[in-house]
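Dear colleague,

I am handing over the structure below, and after it you will find a careful account of what was found. Please keep it open beside you as you read.

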There are 2 protein chains.
Amino acid sequence: MKPKIQDVARIAGVSTTTVSRVLNDRGYISQKTRDKVYSAMKEINYVPNDLARSLFNKRSYLIGVIVPSTNHPFFGELVADIENICNEKGYKVLLCNSLHQPDKEKEYWDMLRRNQVDGVIVVTYNRGLIDEKQQLPAVAIDHYLSENIHVVSSDNYKGGEMATKELIEAGCSKIIHINGDASLDTPANKRMYAYEQVMNEENRFYKTYHVPDVAFLDQSSDVIKKLFHDHPDVDGIFASDDLLAIHILQYAESQGYRIPDDLKVIGYDGSGLIRSIYPSLTTIIQPVYEIAWSSVNTLIEEVEGKKTETQEQVFPISLWRGTTI
Amino acid sequence: MKPKIQDVARIAGVSTTTVSRVLNDRGYISQKTRDKVYSAMKEINYVPNDLARSLFNKRSYLIGVIVPSTNHPFFGELVADIENICNEKGYKVLLCNSLHQPDKEKEYWDMLRRNQVDGVIVVTYNRGLIDEKQQLPAVAIDHYLSENIHVVSSDNYKGGEMATKELIEAGCSKIIHINGDASLDTPANKRMYAYEQVMNEENRFYKTYHVPDVAFLDQSSDVIKKLFHDHPDVDGIFASDDLLAIHILQYAESQGYRIPDDLKVIGYDGSGLIRSIYPSLTTIIQPVYEIAWSSVNTLIEEVEGKKTETQEQVFPISLWRGTTI
DNA sequence: CTGAAAGCGCTTACAG
DNA sequence: CTGAAAGCGCTTACAG
């Protein structure tokens with residue numbers, strides 16, 4: 001049986017109230033009592049039960065984090081940053097990999113509520129996730145969910161614009177965009193709108209191809225093949241995800257395109273991992289750490305009642321110059 | 001105020017006992033009562049408090065997972081698999097990124113105990129993590145921690161052997177190994193022993209270089225430069241990590257080595273991500289999913305009291321043939 | 001088929 | 001400076 005506060009009290013010869021007081025360092029306690037209690041705790045290897053504490057305090061210091069999957073460089077890094085920052089602030093992370101499945105997201109959301117998390121940070125493309133009156137503090141990354149939910153993102157429109165203009169300035173004459181599932185309401189859509197708008201303004205041909213699920217690349221190859229089959233003269237591609245961009249480079253090279261002479265490619269995300277192992281890829285960098293930091297801080301401020309108005313924060317993107325443009 | 005079971009009981013006109021019964025589907029309850037309770041729950045949007053439940057049941061369905069960082073393709077994938085499998089089985093994951101820091105690992109371990117996790121899955125190189133009498137069920141991945149802790153790993157020795165032999169069979173005459181921190185007691189050490197033993201048996205020159213921290217590659221470049229400076233005639237390198245292998249390839253190519261003609265390189269881990277975006281890299285594949293599955297299952301079996309003897313499970317590795325050998 | 005009571009391990013007014 | 005009592009939101013014997 002795990003020792004409880006009563007056992008400590010009995011051994012130290014004090015009341016449970018007193019033990020609780022030294023545990024929480026609250027109220028006046030004589031040094032002598034304090035010492036007795038500490039040595040009793042040590043003697044029986046006492047560990048406080050945070051479940052009981054949370055129950056009483058109505059505060060769990062638990063934060064739910066819902067992402068598509070940590071098995072993706074961008075989200076793996078994002079989750080690592082979020083967890084590290086939470087840890088510094090005394091919060092714990094309950095991890096949920098939704099695999100982009102709306103029903104899973106909903107299940108996770110309910111699970112988090114049952115577990116009395118203080119708040120949740122969510123990356124979802126499922127608008128309907130929070131329909132009911134949600135009093136649970138939440139921050140949505142990259143996505144507007146509802147009026148009461150804060151939003152943290154990087155500037156997706158500007159990212160799309162920057163990527164497109166890089167290709168234009170590099171002299172590409174036929175620039176194609178490849179993106180994820182068109183029916184999903186993802187931040188990548190803003191990148192697409194930016195691409196289409198820029199191309200439109202310049203009176204250029206534009207075309208966007210869609211991959212069923214960007215995060216899991218198995219299905220991307222057919223779309224990539226089709227892109228090159230339809231447009232063998234393509235000389236610029238803006239991919240909404242670095243992994244997609246790399247797959248395109250692989251396929252293009254296998255077809256004899258020389259990079260960047262025949263074809264220029266720019267990706268998106270610029271996670272530390274990709275920049276480290278694939279520095280040649282020109283890409284738009286999302287400021288992952290800033291997004292993580294701001295998400296955690298905004299959430300904790302709301303949890304601790306410091307701020308109430310719903311916030312929307314957009315961080316600037318930047319360009320990583322590789323050699324694929 | 002969040003609605004509680006009492007509110008449901010009051011509205012449905014029954015006792016809390018009855019509400020609890022329909023919640024847990026235990027004992028006999030008339031359909032009429034059941035309906036009343038359900039509609040009351042719906043009416044006030046009731047969500048059960050799992051903290052209170054866990055407190056009573058002495059079972060949290062929480063599993064702590066300690067890894068160096070999800071910001072690494074191998075651990076990002078491992079954590080995603082572990083979490084998915086836990087979720088299928090009704091368990092939740094409390095994520096801890098130790099960043100390879102022993103003091104953090106210890107803090108996380110204590111935090112997990114306070115939070116009454118049912119068990120923990122840990123990837124650590126910190127032998128001293130569990131000194132005291134730990135009654136907490138645990139599975140260590142890749143590492144023997146103590147007599148009562150199960151171990152799940154892949155065959156690191158055979159992996160090192162296979163990698164070394166591949167280079168030998170490919171005709172390399174000067175094969176060098178590069179590994180992580182020598183003072184850490186990591187699974188990669190077994191790969192190094194295998195390398196050294198095979199080389200020894202063949203009466204060949206061997207030499208291992210060490211990078212301070214394989215998981216965070218910033219410091220690797222100096223070591224890599226030194227390796228090539230000391231041994232410009234190296235024609236085979238076995239790296240204990242794919243990211244390291246990729247950095248070596250980058251540096252070697254910048255120095256004019258042709259791959260694989262002048263230099264052959266083999267990595268380690270073979271995570272899905274690396275195989276997808278860097279298929280040319282020859283590497284040893286660790287069966288991530290099997291490791292995740294076995295860890296979760298072994299842990300849950302112990303938690304549920306199905307098995308008691310400490311187990312050690314070793315899964316076979318395999319070879320990914322790229323073009324770097 | 002249903003309810004009153006005790007208890008999971010803690011904390012906090014309230015007394016003293 | 002310290003303790004007895006009530007309560008956080010649940011569940012489960014035990015009665016009826």
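For the classes used here, Ala, Val, Leu, Ile, Met, Phe, Trp, Tyr, Cys and Pro count as nonpolar, Asp, Glu, Lys and Arg as charged, and the others, Gly among them, as polar. Please bear in mind that this is a predicted model.

With those classes, the surface near DNA strand D has 11 nonpolar, 11 polar and three charged residues. Of the 25 residues around the strand, Thr17(A), Ile5(B), Ser20(B), Asn49(B) and Ala52(B) come nearest. Helix 2 and helix 4 of chain A, as well as helix 2 and helix 4 of chain B, each supply at least two residues of this surface, and the largest share, five residues, comes from helix 2 of chain B.

That helix also packs against helix 3 of chain B, at an angle of about 90° and with the axes 10 Å apart, which means that helix 2 of chain B is roughly perpendicular to helix 3 of chain B. Thr18(B), Val19(B) and Val22(B) of helix 2 make the contact with Thr33(B), Arg34(B) and Val37(B) of helix 3.

Turning to the two protein chains, 39 residues of chain B are in contact with 38 residues of chain A. On the side of chain B that touches chain A, the largest share, seven residues, comes from helix 5 of chain B, and the residues of that side divide into 18 nonpolar, 14 polar and seven charged. Strand 2 of chain A and strand 2 of chain B pair in the antiparallel sense over three bridges, and Leu94(A) has Leu94(B) as its bridge partner.

With best wishes

Definitions and conventions: Residues numbered from 1 in each chain as written. Chains lettered and ligands numbered in written order. Predicted model: local features only at pLDDT ≥ 70, side-chain atom pairs only at ≥ 80, totals over all residues. Near = placed C-beta within 6 Å. Helix = DSSP H or I, 4+ residues; strand = E, 2+ residues; numbered from the N terminus. Axes fitted to C-alpha atoms, helices over the stretch in contact; angles between N-to-C directions. Parallel < 35°, antiparallel > 145°, perpendicular 65-115°, else oblique. Contact = placed C-beta atoms within 7 Å. Pairing = 2+ DSSP bridges.
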